[in-house]
Amino acid sequence: MVRTLICIALGSLIAQSSSAQLSAQSAARFGLFPRGEHGPLRLVRYDVDVRIDHPVAATTVTQEFLNPTRRNLEAYYYYPVPPTATVHDLVLWVAGKPRRARIMERQKAREIYQRIVSRQKDPAIVERLAGNLFRIRIFPVLAKSITRIQLRFAQPVVDAEHRWRRLTLRHPNESPQILRLSATVSASGGLLGPPTLRGFPGEFVADTIFGQRGYRLARNAAQRAFSRDVVIAYGVRDAPHFAGAKHAQRALIVAELPVAEATQHSTQRLMLLVDRSRSMRPYLMTAHRLVELLRQRLTPADRVALVEFDLLPEQCRWLAIADRSLDNQLERLTATATDKGLGTAFVPVIEQALSERRAHAVLITDGGDDYHRVDLDRALRLIHDRPGTRFSVVHLGTARGNEQRLQDIARLSGGHYLQLAQPSSLTIAKVETLLSSTSPVRVFADGQPLQVIARGAKQIIVTGALTPGATLSLAHDAELNAIGPAPAADRDVAGVPAVYASAAIDQLMNEIKLFGETPRLVDQIVELSLAHRVVSDYTALLATENDAQYELPTSGRRWQRRAAPRPSTANGSYHATPEPHEWALMLLALAALVYARRSGWLVFPR
């Protein structure tokens, strides 16, 4: 019995470690990888076309990969889109001709794909994996030939600093032989001047785009090195900006609206939750600088509490911003950067923050790893069940595994989400965004609320389906201010339907995460996905050699998400990392195994 328990315990630990490594490897991939032990196929061309009609950016990425082997392969194409983006189109070149994919239910698309592969034909399927990582399965990738793929995705431009907006185009893991970049920028409310371009040679020139003043990127030479991210930055006027598209008898809009700052400063109770676990060691100096910047922008009437946490949080003490005890806590935080540290548990510190009513909690963390998913899901349910505390999240580092969960925490509680990949990306404008007015901002169209996509210090981005001539109004600081009638959608802006559908699907997915999967919620997600060609957890894009293959018979089953088990605090701990007594039990089991082996009680077969 003892031998069996020891073997099961050790096997479980090894299995968990292997699963985490595989998940991390998949998330880090970017490009076309053949199935099996072959290395990635060589990227030979990378074309990017960006059309920004503020506040919507529509991006088309065309890539060509060379299969240098002597046999046909099935390949997996991984592409991580930006956090707020959604994939809405796929084109695969078959025998030199482009084939546009169809959107359909995910299980049906998978079954048709497998049937076509068994017949040695040419299908491709797009599926959404964890977070914003998308995977395309392609068969066959012909030997000694080039495969061309075109992917389209849309996103709202939410990276804002005062009047400037930024759009980042990610570079591939390798430098292709040929790169072509084309871009146009326009805004219905007007631009402040020519956009700037970082990471790629070229400049923008004035042009008339879609009947309004805009800018286009001047043509560059065919071959360019592509060794880092490309950033397009542009300034917009302090005015409403609209992008629209027609759908049935309604108009879909994505709008950026200016929000006036509060006239009176209300006293703030700022609770700073700083993760000091082992994985946060490289980012503690950035956390220290962030706390200092937040402190400098508070008034003497404000109160602040600095709570460090790993497996358990410290005691919450409310202090004045000039209190010497706060300086001592900051010095101790910097000193712990050299300690070995423990793991992270989010639930205890979230529960402590929820007990402090009418507080603004700022969670500063790197997000943990795959082991913390259940922990963050439980924290999300606690925030939903016990409203009243506003959580803003500062995500340090480049780890993407729990990015969506951290965004959900901020969105559900009415806070801000801030990603700081590098210490240099911390700016005063971003700090001011964290401290922006806590009063809710809502936008209405003829009395019906529109969905908020993002909220900045001085602007808000919303989306919705409007009737012609609908009047917009904005509620802020207990005041209802009329904006005026929404402009008519005289033309369809690329990407608007995808952004609208993605925002609605995200809201439905939050309900599924909180309350579980129901047929009603799944039906609504599938209906939105099919109507607006958006890839979701329940739909996929499928490209085939001919239209007849879309009608192949399937089982009729529906795709089901793999729900993470809900932790129970009644029997054991819910911590994402072992507590000290759990480490002691594992060491005791290992010692028992060694003792049994040396005493001859346990004999391994040769």
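Select Glu331 and Arg324 to begin: the two form a salt bridge, with the closest N and O atoms 3.8 Å apart. Glu331 is partly exposed at 48% relative accessibility. Arg324 is exposed, with a relative accessible area of 51%. The cut-off for exposed is over 50%, so these two residues fall into separate classes. Next, select Arg276, Glu308, Asp310, Glu314 and Arg332. Salt bridges with shared partners tie Arg276, Glu308, Asp310, Glu314 and Arg332 into one network. Keep in mind throughout that this is a predicted model.

**The whole chain**

Zoom out. The protein chain holds 11 helices and 32 strands. Of its 606 residues, 50% are buried. The chain exposes about 29,100 Å², and carbon and sulfur atoms supply 52% of that area. Now turn on contacts between residues at least 6 apart in sequence: 74% of them join residues at least 24 apart.

**Salt bridges between distant parts**

The salt-bridge count comes to 27. Pick Arg148 and Glu64, whose side chains meet in one of these at 2.6 Å, N to O. The pair links distant parts of the chain: Arg148 sits in strand E10 (residues 145–156), Glu64 in strand E3, and 84 residues separate them. Which of the two is buried, and which is partly exposed? Glu64 is buried, with a relative accessible area of 11%. Arg148 is partly exposed at 30%.

Move to Arg110 and Glu127. Their salt bridge has its closest N and O atoms 2.4 Å apart. Arg110 is in helix H2 (residues 106–118) and Glu127 in strand E8 (residues 124–128), 17 residues apart. Glu127 counts as buried, at 0% relative accessibility. Arg110 is partly exposed, with a relative accessible area of 24%.

**The cores**

Hide the surface and look inside. In soluble globular proteins, nonpolar side chains tend to be buried together. The largest nonpolar core here has 51 residues. Val87, Leu90 and Ile136 have the most contacts inside it. Select Leu90 and show what surrounds it. Beyond its neighbours within four places in sequence, Leu90 is in contact with residues including Arg99, Ala124, Val126, Ile136, Ile149, Leu151 and Leu541. A second, separate core has 28 residues, among them Leu284, Val291, Leu293 and Val304.

**Helix H5 and the loop before it**

Select helix H5, residues 346–355. How many of its 10 residues are buried? Eight are, and H5 is mostly covered. Colour the buried ones: Phe346, Val347, Pro348, Val349, Ile350, Gln352, Ala353 and Leu354. They pack against strand E20 (269–275), strand E21 (303–309), strand E23 (360–365), helix H6 (373–385) and strand E24 (390–396).

Step back to Thr344, in the loop between helix H4 (324–335) and helix H5. Thr344 is buried, with a relative accessible area of 2%. Its side chain makes a polar contact with the side chain of Ser277, at 2.7 Å.

**Backbone stops**

Most residues other than glycine have a negative phi, and most peptide bonds are trans. Three places here are worth a look against that background.

- His54 to Pro55: this peptide bond is cis, with omega near 10°. Pro55 is in the loop between strand E2 (42–54) and strand E3 (56–67).
- Ala248: phi is near 55°, a positive value in a residue other than glycine. Ala248 is in the loop between strand E18 (241–247) and strand E19 (250–258). Ala248 is exposed, at 71% relative accessible area.
- Asp446: phi is again positive, near 55°. Asp446 is in the loop between strand E26 (442–445) and strand E27 (448–449). At 47% relative accessibility, Asp446 is partly exposed.

**A loop arginine**

Select Arg237, in the loop between strand E17 (230–235) and E18. Arg237 is partly exposed, with a relative accessible area of 45%. Leaving aside its neighbours within four places, Arg237 is in contact with Gly189, Gly190, Leu191 and Leu192. Add Arg163: the C-alpha atoms of Arg237 and Arg163 are 6.8 Å apart, across 74 residues of sequence.

**Last stop: a surface patch**

Show the surface again and select Leu587, Leu590 and Val594. These three make a nonpolar patch of about 260 Å². Leu590 lies in helix H11 (residues 580–599). With a relative accessible area of 40%, Leu590 is partly exposed. The cut-off for a patch residue is over 30%, so Leu590 passes it.

Definitions and conventions:
Residues are numbered from 1 along each chain as its sequence is written. This is a predicted model: local features need pLDDT of at least 70, side-chain atom pairs count only at pLDDT 80 or more; totals for chains, interfaces and linings use all residues. Side-chain values use heavy atoms; hydrogens and water are left out. Patches are made of residues with over 30% relative accessible area and no salt bridge: like charges are joined within 9 Å, nonpolar side chains (Val, Leu, Ile, Met, Phe, Trp, Tyr) within 5 Å. Accessible areas come from the Shrake-Rupley method with a 1.4 Å probe; for residues, only the protein chains shown count as cover. A salt bridge is a side-chain nitrogen of Lys or Arg within 4 Å of a carboxyl oxygen of Asp or Glu. Helices (H or I, at least four residues) and strands (E, at least two) are DSSP runs, numbered from the N terminus. Buried means under 20% relative accessible area, exposed over 50%, partly exposed in between (1.4 Å probe, protein chains only). A polar contact is a pair of N or O atoms within 3.5 Å; within protein, one must be able to donate a hydrogen and the other to accept it, and residues adjacent in sequence count only if both atoms are side-chain atoms. Contact means heavy atoms within 4.5 Å. A nonpolar core is a set of buried Ala, Val, Leu, Ile, Met, Phe, Trp, Tyr and Cys residues joined through side-chain atoms within 4.5 Å.
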